[in-house]
Amino acid sequence: MTAPALEIEGLSYGYGRGFALDDVSFRVNQGEFTALLGPNGAGKTTLFSLITRLFEAPRGAIKVCGITMRDHPTKALARMGVVFQQPTLDLDLTVRQNLHYFAALHGIARRDASIRIGEALERLDMAERDGEKVRQLNGGHRRRVELARALLHKPDLLVLDEPTVGLDVPARRGIVEHVHELCRTQGMAVLWATHLIDEVHADDRVVVIHKGRILADGSVTDVNRTNASANLTQTFHRLINQVAA
Amino acid sequence: MSPHYWRALQGIVTREVLRFLHQRERFLAALVRPLVWLLVFAAGFRAALGLSIIPPYETYITYETYIIPGLVGMIQLFNGMQSSLSMVYDREMGSMRTLLVSPLPRWFLLTAKLLAGTAVSILQVYAFLAIAAAFDIVLPPLGYLLALPALVVSGLMLGAVGMLLSSTIRQLENFAGVMNFVIFPTFFLSSALYPLWKMRESSVTLYQICAVNPFTQAVELIRFALYAQVNWEALGWTTLALVIFLGAAIQGYNPARGFMPRRAQAE
């Protein structure tokens with residue numbers, strides 16, 4: 001049996017006296033688009049910081065394709081592509097220079113990297129801009145470059161932290177559709193953090209998080225049925241209001 | 001070194017050099033600062049500051065010649081702080097995350113980043129030495145070559161100071177204050193501009209502070225290397241300071257115990 005692309009078990013993390021994450025557990029299976037849905041301040045970014053090992057949780061476990069992050073961080077990180085909420089490109093370098101830098105960090109030989117960069121940019125309609133400085137690109141194009149970069153090393157798991165923040169509607173839709181396409185055609189597992197319900201498709205899996213706790217976990221249909229709601233918007237508000245009450 | 005490590009090191013150094021070359025103002029500032037000291041300050045103080053013959057010099061030298069190693073150290077000190085500033089900026093802007101989530105041990109990533117910053121500082125140093133030579137301030141030919149290993153050690157040590165600072169500074173706005181508190185005392189409480197025996201004549205306490213200042217040791221290491229000699233004591237102290245500062249910086253960026261989780265809490 002194949003290990004889940006991401007498995008989180010009993011993860012807790014606190015800042016001072018309060019809990020930012022409290023006993024969080026869920027899985028992302030291969031080929032599955034999982035939306036991590038939560039309002040601002042729910043704990044999504046803290047969870048991403050732990051999944052990407054920017055910092056380490058004292059309690060709980062994170063496994064990527066069966067590899068425990070705490071024991072084998074480099075092996076686990078090698079299987080993961082990451083798009084952070086904040087832009088992380090070098091503005092003064094060209095698109096191609098940025099991608100070569102990332103390829104080098106993943107140990108990809110220069111010739112192989114050049115081929116992969118060409119293909120990745122082609123797929124995202126960015127091939128003609130590879131010599132442009134990132135500073136000259138608009139927000140949507142920068143996001144596409146970051147997505148191309150996250151896929152260069154052919155990861156099994158792609159994690160994205162609110163990747164459409166600040167984008168206009170067509171750019172947002174383009175990125176959402178492209179990532180769904182990756183799940184369908186390449187069997188990639190995706191964890192997509194968002195507070196925008198319209199980014200979640202009917203056949204996706206959804207994990208609802210609020211105040212550091214998981215409130216719901218399952219397919220969109222199942223989560224709606226369990227909460228006796230007609231749609232995900234209703235489910236989401238019902239769950240959040242229950243916690244507030 | 002495995003191919004992965006080697007490629008990552010190449011990538012990190014290439015990125016740092018490219019960024020430096022793209023930022024022409026930074027390149028210019030890096031050269032103008034020591035040149036002003038060399039061509040203006042030194043000319044003004046030449047008469048006021050008499051120098052005796054002390055190792056590694058075997059004859060009387062001009063004041064301009066004396067302060068060359070100190071100004072080389074100054075370039076590396078400023079570059080270390082500049083790298084530290086860019087690390088704080090990268091962290092605030094997010095690009096530091098790209099480095100830290102790479103599938104390589106964090107100590108290696110930080111050391112590679114340090115090497116990259118040192119490579120940039122050495123480019124600046126040789127550009128400065130070339131301009132100084134154009135003004136007839138020349139050193140023994142072999143010294144230019146033999147100074148290279150010393151520049152690597154001193155550059156790494158001063159870069160490690162910057163890296164340690166970057167792991168403790170929470171916001172970019174706090175950086176200017178740190179610059180004033182670190183750079184100027186470090187530079188003036190050293191042998192960069194005057195030999196330590198002159199300082200001892202004025203104040204024994206200040207002399208003792210100057211003597212234990214790692215920057216003094218770095219400057220003396222460079223000074224001797226420029227005259228094809230090894231100052232073992234300076235090499236030992238500079239290396240020790242490098243190990244301590246780098247170790248503390250790596251600890252500062254440790255995902256479990258370091259400053260990053262505390263910073264996230266502040267955010």
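**Close-up views of chains A and B**

**View 1. Salt bridges across the A/B interface.** Between chain A and chain B, the count comes to two salt bridges. Keep in mind throughout that this is a predicted model. One bridge pairs A:D90 with B:R19, and their closest N and O atoms sit 2.7 Å apart. Zoom out to the structure over all chains, and the tally of salt bridges is 22.

**View 2. The surface shared by chains A and B.** How many residues of each chain are in contact here? Chain A brings 29 residues and chain B brings 32. Together the two chains bury about 2800 Å², and carbon and sulfur atoms give 62% of that area. On the chain A side, look for A:L54, A:Y101 and A:L105: these residues lose the most area to chain B, together 23% of what that side buries.

**View 3. A salt bridge inside chain A.** Here the side chains of A:K44 and A:E162 meet, with 3.2 Å from N to O. This pair ties together distant parts of the chain, 118 residues apart. A:K44 belongs to helix α1 (residues 44-51) of chain A, while A:E162 lies in the loop between β7 (157-161) and α6 (169-186) of chain A.

**View 4. Helices α5 and α6 of chain A.** The axes of α5(A) (residues 139-151) and α6(A) come within 10 Å and cross at roughly 15°. Angles under 35 degrees count as roughly parallel, so that is how α5(A) and α6(A) are described. The crossing of α5(A) past α6(A) is right-handed. From α5(A), the residues to find are A:G140, A:R143, A:R144, A:L147 and A:L151; they meet A:A171, A:I175, A:H178, A:V179 and A:L182 in α6(A). Sort the residues of this contact and you get six nonpolar, two polar and two charged.

**View 5. Helices α5 and α6 of chain B.** Over in chain B, α5(B) (residues 106-134) packs on α6(B) (residues 141-168) at an angle of about 130°, with the axes 8 Å apart. Are these two helices oblique or roughly parallel to each other? α5(B) and α6(B) are oblique, and α5(B) passes α6(B) in a right-handed crossing. The contact residues of α5(B) include B:L110, B:L114, B:I122, B:V125 and B:L129, and those of α6(B) include B:L148, B:L151, B:V152, B:G155 and B:G159. Nonpolar residues number 17 in the contact of α5(B) with α6(B), next to four polar and one charged.

**View 6. Helix α6 of chain B again, with α11 as its partner.** The axes of α6(B) and α11(B) (residues 232-252) come within 8 Å and cross at roughly 30°. α6(B) and α11(B) are therefore roughly parallel to each other. α6(B) passes α11(B) in a left-handed crossing. On α6(B), check out B:V153, B:M157, B:V161 and B:L164, which are among the contact residues; on α11(B), B:L235, B:L242, B:F245 and B:L246 are among them. Both B:L156 and B:A160 of α6(B) take part in this contact, and B:L156 and B:A160 also appear in the contact with α5(B). How many charged residues does the contact of α6(B) with α11(B) hold? There are no charged residues in the contact of α6(B) with α11(B), which divides into 14 nonpolar and five polar.

Methods. Residues numbered from 1 in each chain as written. Chains lettered and ligands numbered in written order. Predicted model: local features only at pLDDT ≥ 70, side-chain atom pairs only at ≥ 80, totals over all residues. Heavy atoms only, no water. Axes fitted to C-alpha atoms, helices over the stretch in contact; angles between N-to-C directions. Helix = DSSP H or I, 4+ residues; strand = E, 2+ residues; numbered from the N terminus. Parallel < 35°, antiparallel > 145°, perpendicular 65-115°, else oblique. Left-handed = near helix turned anticlockwise from the far one by under 90°. Contact = heavy atoms within 4.5 Å. Nonpolar A, V, L, I, M, F, W, Y, C, P; charged D, E, K, R; others polar. Buried area = accessible area lost by both parts, 1.4 Å probe. Salt bridge = Lys/Arg side-chain N within 4 Å of Asp/Glu carboxyl O.
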